[in-house]
Amino acid sequence: MKVRRTLDNDLDIVEVAQLIAKECNGLPLALITISRAMACKKTVEKWNHAIQILKKSAFEFSSMGKEVCPLLKSGYDSLASDTLRYCLLYCNLFSEDYKIEKRDLIGFCIGEGFFDAYEDGYSKIGNLLRACLLEEEDDDHLKMYDVIRDMVLWIACEIEKEKGTFLVQTSVGLTETPEIEKWEGVKRMSLMGNQIENLLEIPSCPHLSTLFLNKNS
């Protein structure tokens, strides 16, 4: 591959490439697509820039939105039901690297009407694990691969944008909530991991069914 020639010519780039591979969590599809995008990048500065953008948001990375996210989305599209898709989208409400407790997730999804009962929820989560769209942290907790979470955020924020279903701003240093006007049509919102102390105004949010404010000040 062309990227191999680039790596062979600069050991500093090799170190950055290892960080990029780690960010991809070993997912072959993401690794192959990113290596193709990076093959023409000949300086360590360009590779360092790429890893910073990739950490910030995968769909802003060179060709990620146009190439990687749609490719990864094929796994999302091939899920057997809308219930599984909505459960996966729901997981993007949790902060990056957050350990999602299975029982909590199932309880939330029962409240949203995605699952009928806890037994049904454990079965559905098993389907997402087998599809490699969720990762089992231990018997009781789940995590999302970074690139999968970026893909899910891309779906929630871009593809679902017209529906106004999701508003996700986790761990971005907010000290105040988003403008009240943005709340009106939102169904599911997460502002986890910020420094918000108060709701300065009373929002009008007749459609809101889930609001995560934990891990704020």
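Me: Where does Leu213 lie with respect to strand S6?
Reply: Leu213 lies in the segment after strand S6 (210-212). Strands are DSSP runs of E, at least two residues, and helices are runs of H or I, at least four, numbered from the N terminus. This is a predicted model, in which local features need pLDDT of at least 70, side-chain atom pairs count only at pLDDT 80 or more, and totals for chains, interfaces and linings use all residues. Residues are numbered from 1 along each chain as its sequence is written, and side-chain values use heavy atoms, without hydrogens and water.

Me: Why is Leu213 called partly exposed?
Reply: Its relative accessible area is 34%. Buried means under 20% and exposed over 50% (1.4 Å probe, protein chains only), so a value in between is partly exposed.

Me: What makes Leu199, Leu211 and Leu213 a patch?
Reply: Together these three form a nonpolar surface patch with about 220 Å² of accessible area, by the Shrake-Rupley method. Patch members have over 30% relative accessible area and no salt bridge (Lys or Arg side-chain nitrogen within 4 Å of an Asp or Glu carboxyl oxygen). Nonpolar side chains are joined within 5 Å.

Me: How do you know that strand S5 pairs with S6?
Reply: Three bridges join S5 (residues 188-190) to S6. Pairing takes at least two DSSP bridges, so the two strands pair. They run parallel, and Ser190 stands opposite Phe212 in S6.

Me: What order do the three strands of the open sheet take?
Reply: The order is S4-S5-S6, with parallel pairing. S4 (166-168) and S6 are the edge strands, because each pairs on one side only.

Conventions
Patch = residues over 30% accessible without salt bridge, like charges linked within 9 Å, V, L, I, M, F, W, Y side chains within 5 Å. Areas by Shrake-Rupley, 256 points an atom, 1.4 Å probe, with all protein chains shown as cover.
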